[in-house]
Amino acid sequence: PHEKTIFSGIQPTGVPHLGNYLGALREWVRLQNDNATDTKLIFSIVDLHALTVPQDASRLRQWRREAFATLLAIGLDPNRSTIFYQSAVSAHAELMWILSTVASMGYLSRMTQWKSKLKLPEDTGLEDSAAKSKLRLGLFSYPVLQAADILIHRATHVPVGEDQKQHIEFTRYTANSFNHLYGPIFPSPEALISPARRVMSLKEPNQKMSKSHPDDRSRILLTDSPEDIRKKIKLALTDSEPSISYDPVRRPGVSNLLEILCHMQSKPMSCEEVALEHRSTSIRALKELVADTLVDHLSGIRDRYFSLIQNQSDYVDSVAEAGAQAARANAESTMKTVRAAMGL
Ligand code: ADP
Ligand code: NA
């Protein structure tokens, strides 16, 4: 009975990288272009989530606009998709409070991302209260905000990278807890995991490519110049075996390059197939091929991005305003039902 609704978000913490793109953003565009027009599409720059770590205000302001321009540059169409800043729709925060009255503390403390944050440098362990007191409540509770983001739009499908799977499961669990107490208001949203499940760091291919890695040569940004792309791919950590094979456990660096390559093919190909096709290619030539493919694929996005940022900031702001209005209306209709069900 719930109308098909696709929701996803990205944090405004710098220009998105290739992992964000292949793991999430490119799927958003694909879903936009492949779904019938009665599917609702809602995408958010989740700026409240960015506050779980301290932010400089003027830098955050810039990052928000850059993230917004990126979503337009990759091909999200504001006539088809609602695109908005999370903080412009205050009902997200209101629903977060309401969900936090049903959300399980135990479930939240088992979240991988929280547990990884608990491992402070001195490795003080879970029970050290001094270590815990350095951590902020928002870092612990942000999956509840994420659940609110999804549920306030009654989303049925959430396209994300694999790292977010656990959070979507938490959202389903929390929605069910709420529905059990107050009636069947929320759908049980389903994660749509991208075929490019995890793009790895170019420098430490056992870790996912991420915005927070200190070495910026570990990630390709959507705004990287062709020279940057070629340099970073050339410096990517691989191994010294003579041939090419796909073996993520034993050969994570080479396999990551093959992953990038196979997910950029115009016709779908498995990474094993791509590996076979290139089995007698040198690693150096494989890197050149990966770099060429990336340069080709990303140059249009990069051009559109710079044009939006440099010459069309009024346009970006007007799309954001229209998106906020549409998102507010959608969120408010959910909140009416929620408040009524709870006696508010
Ligand atoms: P980050 O993890 O770099 O801070 P976000 O948390 O804003 O980025 O994530 C935005 C989207 O990008 C999420 O759907 C997430 O699953 C996806 N994503 C992030 N890093 C990767 C990666 N290395 N590979 C695949 N998908 C990723
Ligand atoms: Na993430």
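**Notebook: domains, ligand shell and helix pairs**

I began with the overall layout of this predicted model, and I noted that the C-alpha centres of domain 1 and domain 2 lie 30 Å apart. For the bounds I took the domain assignment of the protein, which gives domain 1 as 5-199 + 313-342 and domain 2 as 223-306.

Next I looked up where the two domains touch, and I found that domain 1 brings 10 residues to the contact while domain 2 brings seven residues. Which elements give two or more residues to the side of domain 1 that touches domain 2? I listed helix H1 (18-34) and helix H3 (57-73), and I marked H3 as the one that gives the most, with three residues. Sorting that side of domain 1 by class, I wrote down nine nonpolar residues, one polar residue and no charged residues.

**Ligand 1**

I then turned to the shell around ligand 1, where 17 residues are found and Gly19, Gly23, Ala24, Val160 and Gly161 come nearest. Which element gives the most to this shell? I found that H1 does, with four residues, and I recalled that H1 is also among the elements on the side of domain 1 that touches domain 2. By class I divided the shell into five nonpolar, eight polar and four charged residues.

**Helix pairs**

For the helices I kept to the usual description, in which two packed helices are given by the angle between their axes and the distance between the axes.

I started with helix H8 (residues 137-152) and helix H9 (residues 165-182), whose axes are 9 Å apart and which pack at an angle of about 70 degrees. An angle from 65 to 115 degrees counts as roughly perpendicular, and I therefore entered H8 and H9 as roughly perpendicular to each other. On the H8 side I listed Pro143, Gln146, Ala147, Ile150 and Leu151, and on the H9 side His167, Phe170, Thr171, Thr174 and Ala175. I counted six nonpolar and four polar residues in this contact, with no charged ones.

My second pair was helix H10 (residues 226-234) with helix H13 (residues 283-311), whose axes come within 9 Å and cross at roughly 150 degrees. Because angles over 145 degrees count as roughly antiparallel, I entered H10 as roughly antiparallel to H13. I noted the crossing of H10 past H13 as right-handed. From H10 the contact takes Pro226, Ile229, Arg230, Ile233 and Lys234, and from H13 it takes Lys287, Val290, Ala291, Leu294 and Val295. I divided these into seven nonpolar and three charged residues, with no polar ones.

I closed with helix H4 (residues 91-100) and helix H14 (residues 313-342), where I found that the axes come within 10 Å and cross at roughly 30 degrees. Are H4 and H14 roughly parallel or roughly antiparallel? Since angles under 35 degrees count as roughly parallel, I put H4 and H14 down as roughly parallel to each other. H4 passes H14 in a left-handed crossing. I saw Ala91, His92, Glu94, Leu95 and Ile98 in H4 meeting Ala331, Glu332, Met335 and Val338 in H14, and by class I recorded six nonpolar residues, one polar residue and two charged residues for this contact.

Conventions. Residues are numbered from 1 along each chain as its sequence is written. Chains are lettered from A and ligands numbered from 1 in the order in which they are written. This is a predicted model: local features need pLDDT of at least 70, side-chain atom pairs count only at pLDDT 80 or more; totals for chains, interfaces and linings use all residues. Domain bounds come from an automatic or database domain assignment. Ala, Val, Leu, Ile, Met, Phe, Trp, Tyr, Cys and Pro count as nonpolar, Asp, Glu, Lys and Arg as charged, and the others, Gly among them, as polar. A residue is near a molecule or strand if its C-beta atom, placed from the backbone, lies within 6 Å of it. Axes are lines fitted to C-alpha atoms, for helices over the stretch in contact, and angles run from 0 to 180 degrees between N-to-C directions. A crossing is left-handed if the near helix is turned anticlockwise from the far one by less than a right angle, and right-handed if clockwise.
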